[in-house]
Amino acid sequence: MNNRRTFLQKLGVFSTLCLTGNHNSLEANNVLKDSDGLIIKADEGEVRFIGNTRKAKVNIKVSKTPDYTPEISLLTELITPQDGIPNHKHLNEDEFLFIQKGTVDITLGDAIQTGEPGDLIYVPKNTWHGFKNNCEEDVIMFFGYSPSGFEDYFRQIGTIRIDEELGFTSEDWARTNKKYGVVYRS
């Protein structure tokens, strides 16, 4: 019950971010007042294609900026059939996910469960977790971290264009994973 309450409180912070206009798509014109609302359009955000070969599309929707650090970040990801995210844990952040489309196998700790459209998943820091799309259709999920900052990991391990090479060596991966406090299960 306490985990659910904490999760809902953190989601409430996201609503506050949207209402205050603290969003990277507004940096260029920054015309919203504190009382104005905000709609983050589906095609807005900062897109990165992840990894050397995986090239999953991640869209950073709410992120820290040089002038503001929100309590949470919010991103979207498209996971193609048979793709997934290896088992890992975050040493510094809690993670939350919302399955918008498709069905995904979710590993939480040692248990594998099914996530379906509309499901919310809360992953406390230091919890092993991973995802696999075993379906015939794409999975679309919203996810985020509290506190914010881990979205910078995707900027490090992603490219702006899908045809761009990341060129990370195993040493680059180890250094970047350590910097952002993410540990992958071998």
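Biologist: Which strand gives the largest share of the lining of the largest pocket?

Modeller: Strand S4 does, with 5 residues. Keep in mind that this is a predicted model.

Biologist: How much space lies in the largest pocket?

Modeller: Start with the general idea. Rolling a probe the size of a water molecule over the atoms shows where empty space is left. Here, the largest pocket holds about 350 Å³ of space. Its lining includes two or more residues from each of strand S4 (84–90), strand S10 (139–146), helix H2 (151–157) and strand S12 (182–184).

Biologist: Which residues lie nearest the centre of the largest pocket?

Modeller: Look for Ile 50, Arg 54, Ile 85, Pro 86 and Tyr 184. The lining has 23 residues in total. By class, 14 are nonpolar, 6 are polar and 3 are charged.

Biologist: What is the volume of the second largest pocket?

Modeller: The second largest pocket has about 220 Å³. It is lined by 14 residues, and Ala 42, Asn 59, Lys 61, Thr 76 and Ile 140 are the closest to its centre. Strand S2 (56–62), strand S3 (73–79) and S10 each give two or more residues to this lining. Its classes are 6 nonpolar, 3 polar and 5 charged residues.

Biologist: Now the charged side chains. How many salt bridges does the count come to?

Modeller: Side chains of opposite charge can pair when their charged atoms come close. In this model the count comes to 7 salt bridges. Take Glu 46 and Arg 155, whose closest N and O atoms are 2.8 Å apart. Glu 46 sits in strand S1 (residues 46–50) and Arg 155 in helix H2, so this salt bridge ties together parts that are 109 residues apart in sequence.

Biologist: Which residues are linked with Glu 46 in a network of salt bridges?

Modeller: Arg 48, Asp 152 and Arg 155 join Glu 46 in that network. Arg 155 is partly exposed, at 21% relative accessibility.

Biologist: How many residues apart in helix H3 are Arg 175 and Asp 172?

Modeller: They are 3 residues apart in helix H3 (residues 170–180), which means about one helical turn separates them. They form a salt bridge, with closest N and O atoms 2.6 Å apart.

Biologist: Is Asp 172 buried or exposed?

Modeller: Read the relative accessible area. Buried means under 20%, and exposed means over 50%. Asp 172 has 18%, so this residue is buried. Its partner Arg 175 has 53%, so Arg 175 is exposed.

Biologist: How far apart are the closest N and O atoms of Arg 161 and Asp 163?

Modeller: The closest atoms of that salt bridge are 3.3 Å apart. Arg 161 is partly exposed at 48%. Asp 163 is exposed at 57%.

Biologist: Where does Asp 83 lie?

Modeller: Asp 83 is in the loop between S3 and S4. Its relative accessible area is 15%, so Asp 83 is buried. Leaving out residues up to four places away in sequence, Asp 83 touches Arg 54, Ala 56, Lys 132 and Asn 133.

Biologist: Let's turn to the strands. What is the order of the open sheet of 7 strands?

Modeller: First, a general point. In a regular strand the side chains alternate between the two faces of the sheet. Here the order is S8-S5-S10-S3-S2-S1-S11, with antiparallel pairing. Strand S8 (120–123) and strand S11 (158–159) stand at the edges, each with a single partner strand, so one side of each has no neighbour in the sheet.

Biologist: How many bridges join S5 to S10?

Modeller: There are 7 bridges, and the two strands run antiparallel. For one pair, find Asp 94 and its bridge partner in S10, Ser 146. Phe 96 also has its place in strand S5 (residues 94–101). Phe 96 is buried, with 6% relative accessible area. Its C-alpha atom is 9.9 Å from that of Ile 72, a residue 24 places away along the chain.

Biologist: What is the bridge partner of His 88 in S9?

Modeller: His 129 is the partner. S4 and strand S9 (residues 129–132) run antiparallel, joined by 3 bridges. S9 also pairs with strand S6 (residues 104–108), in the antiparallel sense, over 4 bridges. There, Leu 108 stands opposite His 129.

Terms used:
Residues numbered from 1 in each chain as written. Predicted model: local features only at pLDDT ≥ 70, side-chain atom pairs only at ≥ 80, totals over all residues. Heavy atoms only, no water. 1 Å grid on protein atoms, 1.4 Å probe; cavity = no way out; pocket = protein on both sides within 12 Å on 5 of 7 lines; lining within 4 Å. Points joined across faces, edges and corners; volume = space filled by probe spheres on them. Nonpolar A, V, L, I, M, F, W, Y, C, P; charged D, E, K, R; others polar. Salt bridge = Lys/Arg side-chain N within 4 Å of Asp/Glu carboxyl O. Buried < 20%, exposed > 50% of the residue type's maximum accessible area, 1.4 Å probe, protein only. Contact = heavy atoms within 4.5 Å. Pairing = 2+ DSSP bridges.
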